[in-house]
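Work through these exercises with the sequence and the model side by side. Try each task before you read its solution.

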Amino acid sequence: YDMPQIITFGTIVLYKEKEYVFLVRTEDITYAAEILDQESSVNFKKLRSKTAKNSKESYKLKQSLAYCFVELKTKEYEERIAHYGYPQIGDTSETVMNPIGILCDEDIKDLHREISAEDLAVSAELRELIQNIKIAK
């Protein structure tokens with residue numbers, strides 16, 4: 001697919017040999033969601049569905065950074081998740097990322113909606129930054 005020239009929310013980038021979805025950057029910090037490999041993705045999904053069945057656990061679920069992920073529908077990344085629980089990937093000045101693709105619109109909307117949700121354990125700064133990004137509905 002076309003290589004995006006400008007890195008924006010939803011751009012898939014290569015950073016330190018790992019794939020990430022770029023979220024946002026400030027003068028100091030670059031935020032991105034790591035795209036986990038299939039095996040790790042499956043483990044996270046299993047853990048979440050197991051915990052979600054127990055209502056006491058489901059509150060904890062939302063408070064846990066481990067569960068901050070979306071399941072991707074973008075063709076090349078199906079079956080994998082983008083994990084945004086630990087999104088600070090580096091100092092903006094030193095973070096050299098190569099754009100390698102872009103998420104499908106549905107994934108971009110899901111990721112934006114999830115991170116903007118009030119009840120998740122996402123860092124307040126990230127949530128605020130994301131809420132300022134306009135996503136085409």
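**Exercise 1. Place Glu 17 and describe its backbone and exposure.**

Solution. Start with the location. Glu 17 sits in the loop between β1 (11-15) and β2 (18-25). This is a predicted model, so that location is a prediction too. Next, take the backbone. The phi angle of Glu 17 is near 65°, a positive value in a residue other than glycine. Last, take the exposure. Glu 17 has 78% relative accessibility. Exposed means over 50%, so Glu 17 counts as exposed.

**Exercise 2. Do the steps again for Glu 79.**

Solution. Glu 79 belongs to the loop between β4 (69-71) and β5 (81-83). Its phi is near 75°, again positive in a residue other than glycine. The relative accessible area of Glu 79 is 47%. Partly exposed covers values between 20% and 50%, so Glu 79 is partly exposed.

**Exercise 3. How many helices and strands does the protein have, and in what order do the elements run?**

Solution. Count by type: there are four helices and seven strands. Then read from the N terminus on: β-β-β-α-α-β-β-β-β-α-α. Now add burial. The protein has 137 residues, and 43% of them count as buried.

**Exercise 4. Which residue forms a salt bridge with Glu 19, and where do the partners lie?**

Solution. The partner is Arg 80. The closest N and O atoms of the pair are 2.8 Å apart. Glu 19 is in strand β2, while Arg 80 is in the loop between β4 and β5. The two are 61 residues apart, and the pair links distant parts of the chain. Check the exposure: both Glu 19 and Arg 80 are buried. In total, the structure holds six salt bridges.

**Exercise 5. Describe the salt bridge between Lys 45 and Glu 71.**

Solution. First, the distance: the closest N and O atoms are 4.0 Å apart. Then the positions: this pair links distant parts of the chain, with Lys 45 in helix α1 (residues 38-52) and Glu 71 in strand β4, 26 residues apart. Glu 71 has 35% relative accessibility, and counts as partly exposed.

**Exercise 6. Which residues are linked in a network of salt bridges with Lys 73?**

Solution. Begin with one pair. The side chains of Lys 73 and Glu 106 meet in a salt bridge, at 3.9 Å from N to O. Lys 73 is in the loop between β4 and β5, and Glu 106 is in helix α3, 33 residues apart. Lys 73 is partly exposed at 37% relative accessibility. Glu 106 is partly exposed as well, at 45%. Now widen the view: the network links Lys 73, Glu 106, Asp 110 and Arg 113.

**Exercise 7. Is Val 122 buried or exposed, and how far is its C-alpha atom from that of Cys 68?**

Solution. Val 122 is found in the loop between α3 (105-116) and α4. Its relative accessible area is 7%, and buried means under 20%, so Val 122 is buried. The C-alpha atoms of Val 122 and Cys 68 are separated by 7.4 Å, though the residues are 54 apart along the chain. Cys 68 is buried too, at 0%.

**Exercise 8. Which residues form a negative surface patch?**

Solution. The patch is formed by Glu 27, Asp 28, Glu 125 and Glu 128. Take one of them. Glu 128 lies in helix α4 (residues 124-131). Its relative accessible area is 55%, so Glu 128 is exposed.

Technical notes: Residues are numbered from 1 along each chain as its sequence is written. This is a predicted model: local features need pLDDT of at least 70, side-chain atom pairs count only at pLDDT 80 or more; totals for chains, interfaces and linings use all residues. Side-chain values use heavy atoms; hydrogens and water are left out. Buried means under 20% relative accessible area, exposed over 50%, partly exposed in between (1.4 Å probe, protein chains only). Patches are made of residues with over 30% relative accessible area and no salt bridge: like charges are joined within 9 Å, nonpolar side chains (Val, Leu, Ile, Met, Phe, Trp, Tyr) within 5 Å. Accessible areas come from the Shrake-Rupley method with a 1.4 Å probe; for residues, only the protein chains shown count as cover. Lys and Arg count as positive and Asp and Glu as negative; His and the chain ends are not counted. The place of a charge is taken as NZ of Lys, CZ of Arg, CG of Asp or CD of Glu.
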